[in-house]
Structure formats: C-alpha cells, structure tokens
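Open the model in a viewer and set it to cartoon. The stops below can be selected one after another.

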Amino acid sequence: MAEFREFGAYDALGLAQLVRDGEVSAETLLESAITRCERVNDDLNAVITPMYDVARQAVAAGLPDGPFTGVPFLIKDLLAAWKGVPLGNGSRYYRDYVPDWDSEMVLRYRASGAVTFGKTNTPEFGIVGTTEPVANGPSRNPWNLEYTTGGSSGGTGAAVGARIVPMASGGDGGGSIRIPAACNGIFGLKPSRGRNPSGPKAGTPWYGQVQEGVLSVSVRDTAAMLDATAGPDAGCPYMAPPPKRPFLQEVGAKPGRLRIAVCREAMLSDAPIDPECLAGLDATAKLLESLGHRIFEAAPKLDKRTLATSYILRIAADTAGDIWEAEQAVGRKPEYDDFEPTTRALANLGRSFSAADISIANRRLDLEVRKVGQFMQDYDILLTPTLAKPPQKLGVFDPQGADRIATNISSRIPVGPLAKKLNILEQLAESNFQFVVSTPVANITGEPSMSVPLHWSRDGLPVGMMFTAKMAQEALLLRLAAQLEEAQPWQDRTPPVCANL
C-alpha cells in the first residue's frame, strides 16, 4: 500500500477530516504511520512496543465514530493498560506482565476513534525528568540525537516531535507532559486535577498529582482530545467541574486582555535560569504585550525548600507503593536487579519515614498551595520558562560521584533514621531541581498548566514557555495557546530527524 505522502502536513483533526470526507482511508493512514515510525524509530527509540496487528484488526473490525476516527495514535507505556498488550511501566520487573483489563483512559482514547499502533518509552515508574530506562534504553531527541527528550513522556515527545504522529498520549505528575513538550518543540497541556479519569485501578496517583493527557502539534488537537476524555469515571475520588462548553470551541475564541505574571526564577530551588530560557521568556512577554495583554514581573513567595522536600517525600512514599503494587500484579518477589538503583533508593527512603511524616509534609504543601491561590487572585496567568535549561545531553542526569555511591548504598539497605539525620530530602532537593525547577508546582496545586513551543536556542534546541492558570481554567489556557499559535506558528518547524518525506 502506497504511503500517504502528505501525512505530515495535517494535524490529527485534519487527518480525521480526510477520513470523514473519503479522501484517504483509515487503513492507508495506519500503514503510512507504521512506515513513518519505521523510518525514524531506530534513531529515536520512541516506540518500544509495536501494536501493528492490534491496530490493523481494529481498523478491519470497524472504528468508533469519534472526533479522531481513523487517526493513528500512540500511548505512553505507563498507567495505560490495554488488555492483552504488555504494560512495562519502564521497568524490567514488568517485562512479562500483560494486563487482562483496560484503563479508563485507554477506553476513552479508543472511543475517540483513534487507532493505537504502539506504546512509547518512559523512565521507570515515570520518576525522573528524562527518558533513559535500563529496560528499554534512552529515547533520543529529534532535534539532536545526543540530547534528552525529557520525561517521563519522553517517547511520546520524540514521536510527536519527529512527526511520526501528530498527537500521542502522556501523563504528568511533576511536569511529564510539559517537560517533553518543551524538549521536543511541541504543545503539551496538563489538565486540572480530576479533569481526566484514572480508573479503574488507580485512585490518586502520586497523591493526586498525576493527570494523563496528550502532547500534540496543534492546540486544537489537544482541545478535542480533552473533550473526548474528560469527565468522571466510576468511583473517582474527585472531579473537576464540567466546562461551560466544549474545549474545542475555545480554540479561536478571544482570551480577553489578561493579567500575566512573569516569573524569572525557579519555583522549587535557587537554581539559575539559563540565559536562553530567559531570552525566550522576554521574547514571549513582548509577544504577549503586542497581543494586548498586561505584563507584570511577579512571583508567589513560596517556601521553596518545603515545596521541594515535601514533594520528594511524596514521590518516595509512592515509589514504595509502586513496588508493592508491582508485586501484586506480577505475582513474584522481585530480585535486586529488577528495579533501577534510583527506584529502589527512593522506595527505601519512603519506607524510612513515618505516616506522621507524610501527613506533616502534606499539610505543609497545603499551606504552599494556599499561597499560590492567593497570588493567583491578582493574575489570570503565571508565566515561567518550562525548564531551567534547554534540553541537556543524555547521561547528565545519572547520579555521579558521591551521589552515585549514596544511591547504590541506599538502594540496597533501608536508611532508617539516618534519612532525617543526614538531611537526605534536602540533599535530593538540591541535586534534583536544577533542570526541572517549576513544573511540579502545578501538580501540587492541581492547576492546569501548559508548555508552548515559543523559542529555540542558538544551538537549534526547543525551549518551552509554561503558562499556568487557576484551577479548572483549561478553557482560558486553550484560548491563549491558540492565540499564540496563530501569532507565532510552530507546526511547520520540524526537527532534523523527521518522519516527513
């Protein structure tokens, strides 16, 4: 079957319209997407589980009538359980695990008419902001193969950035949609807490900080998929209020004259912001002013140490829970090498603190959330660089020197009371929030937040800008994003490694 050579000229809704009009078949689009994947995936290592036959069978059986009927799609290999297809969660321990159930988000992606033909790479349990798992090897950035794709939706970021598909799924518990969107020059929106479902077997991943969603080349694709996936599922612990109208109708609607706070500092640490990121921030502020918005240089006055250490304690505690859950799913005791040292070290750290410590951390975070809420009473949008630096080289996030020794030791033995005496949380906060310095704040607050590709470095690497709104105001973000997309289009700006012919 001949490849549909114009595939890369369309976003997902554009491809769906071609199918609807009978100009191209779903089968042709699927085979074209498979060809595109095979063309670049050896370089990128973005897609780690092909589902070609599953997709072909779905097309042959007839697809649901939805906004994306016939559009090829990829799903992140974390949380997204597809009955009968391996679910690896980035871990060697899950290498033989095949779920006998579907996650609710998978069901909703399927109901949208999208044709899933593969699963994308992710770090183990989505813990870190780069996609370099031992289980599957590193994903590589299509703008420069020596650099990270970000994480944890790094495989998705590379696949969409390289235009294998115009849209694919991700998840965000500390920036994991926005980080790879920034690193790969695409659009990524983390929805509000409770906007999308997490069932049927997950309730509040990472203490409610995780929201699944998509990364895309166009704002309208994200809006339309959010319409398809949003809403509560049975037994959900909480839900975002329903939108006043479909999110897709917000694309093209005027956002009004917004009050935008521009923050030039890291929100979780005292890490410096790279001049390239600040240059992008300044250019974005000027663009926003030219569009009629009011710009104020301001930042919420937060206790950065409390935010960072309490966030890490949450992740450590939930990593211990992830290992417990993995044992229940796989049905055997793990051996030491089944998990990466960083994962085991975090889990041991989580076991070293008491239930009271977790409660205190949560209460401290609640106070910081209130500070953000009070700050946002004066502004419509908070703007920061998505990351403190442009994409970094692969391998730079590996523990080095004393950190590596400490990680290996703590991955083998529980650190117990030493965790507090040695101020391990503070040390982790200092070393881990140098690249990812602000994205987790919106996960802690639950607010919607997006990364928009508005700047490229002198080396040709993407630099994302992050916009955060008040709780449940995805509509405002989508209106603003569409305005920025029209003013400074990015869809035709493609990387050196690209699936387009």
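Two strands count as paired if DSSP finds at least two bridges between them. With that rule, three strands of this predicted model form an open sheet of mixed pairing, in the order S1-S3-S2.

**Stop 1: the three-stranded sheet**

Select 47-50 and 72-76, which are strands S1 and S2. These are the edge strands, and each pairs on one side only. From one strand to the next, the twist averages 40 degrees. Now add residues 115-120, strand S3, which pairs with S1 in the antiparallel sense over three bridges. Show Thr49 as sticks: its bridge partner in S3 is Lys119.

**Stop 2: the eight-stranded sheet**

Move to the open sheet of eight strands, again with mixed pairing, which runs S4-S6-S5-S10-S11-S9-S7-S8. Its edges are S4 at 167-172 and S8 at 294-297, each paired on one side only. Neighbouring strands here are turned by 25 degrees against each other on average, direction ignored. Pick out S7 (residues 259-262) and S9 (residues 381-385), a parallel pair joined over three bridges. Within S9, Leu383 is the residue opposite Val262.

**Stop 3: the cysteines**

How many disulfides does a search of the whole structure find? The count is zero. Select Cys183 and Cys277 to see a case. The sulfur of Cys183 has its closest cysteine sulfur in Cys277, 9.8 Å away, which is too far for a bond, because a disulfide needs the two sulfur atoms within 2.5 Å. Seen from Cys277, the closest cysteine sulfur is likewise that of Cys183. Cys183 is buried at 0% relative accessibility, and Cys277 is buried too, with a relative accessible area of 1%.

**Stop 4: Ala481**

Select 474-487, helix H17, and find Ala481 in it. Is this residue buried or exposed? Ala481 has a relative accessible area of 0%, so it counts as buried. Measure from its C-alpha to that of Phe187: the two residues are 8.9 Å apart in space and 294 residues apart in sequence.

**Stop 5: the second largest pocket**

Switch on a surface. The second largest pocket has a volume of about 810 Å³ and is lined by 36 residues. To centre the view, select Leu79, Ala202, Pro205, Asp322 and Glu325, the lining residues nearest its centre. Elements giving two or more residues to this lining are S4, helix H7 (205-208), strand S6 (211-216) and helix H10 (304-330). H10 gives the most, with five residues. By class, the pocket lining has 15 nonpolar, 14 polar and seven charged residues.

**Stop 6: the cavities**

The whole structure holds five cavities of 30 Å³ or more. The largest cavity has a volume of about 100 Å³. It is lined by 17 residues, and Asn196, Ser198, Gly203, Gln211 and Tyr238 are the closest to its centre. Seven of its lining residues are nonpolar, eight polar and two charged.

Go on to the second largest cavity, with a volume of about 80 Å³. Its lining includes Met267, Val372, Leu382, Ser438, Glu447 and Met466. S9, helix H16 (440-445) and strand S11 (462-469) are the elements that give two or more residues to this lining. Which element gives the most? H16 does, with three residues. The classes here are six nonpolar, four polar and one charged.

Definitions and conventions:
Residues are numbered from 1 along each chain as its sequence is written. This is a predicted model: local features need pLDDT of at least 70, side-chain atom pairs count only at pLDDT 80 or more; totals for chains, interfaces and linings use all residues. Side-chain values use heavy atoms; hydrogens and water are left out. Helices (H or I, at least four residues) and strands (E, at least two) are DSSP runs, numbered from the N terminus. Axes are lines fitted to C-alpha atoms, for helices over the stretch in contact, and angles run from 0 to 180 degrees between N-to-C directions. Buried means under 20% relative accessible area, exposed over 50%, partly exposed in between (1.4 Å probe, protein chains only). On a 1 Å grid over the protein atoms alone, a cavity is a set of points where a 1.4 Å probe fits but cannot get out, and a pocket is an open set with protein on both sides within 12 Å along at least five of seven lines; lining residues have an atom within 4 Å of a point. Grid points are joined across faces, edges and corners, and a volume is the space filled by probe spheres set on the points. Ala, Val, Leu, Ile, Met, Phe, Trp, Tyr, Cys and Pro count as nonpolar, Asp, Glu, Lys and Arg as charged, and the others, Gly among them, as polar.
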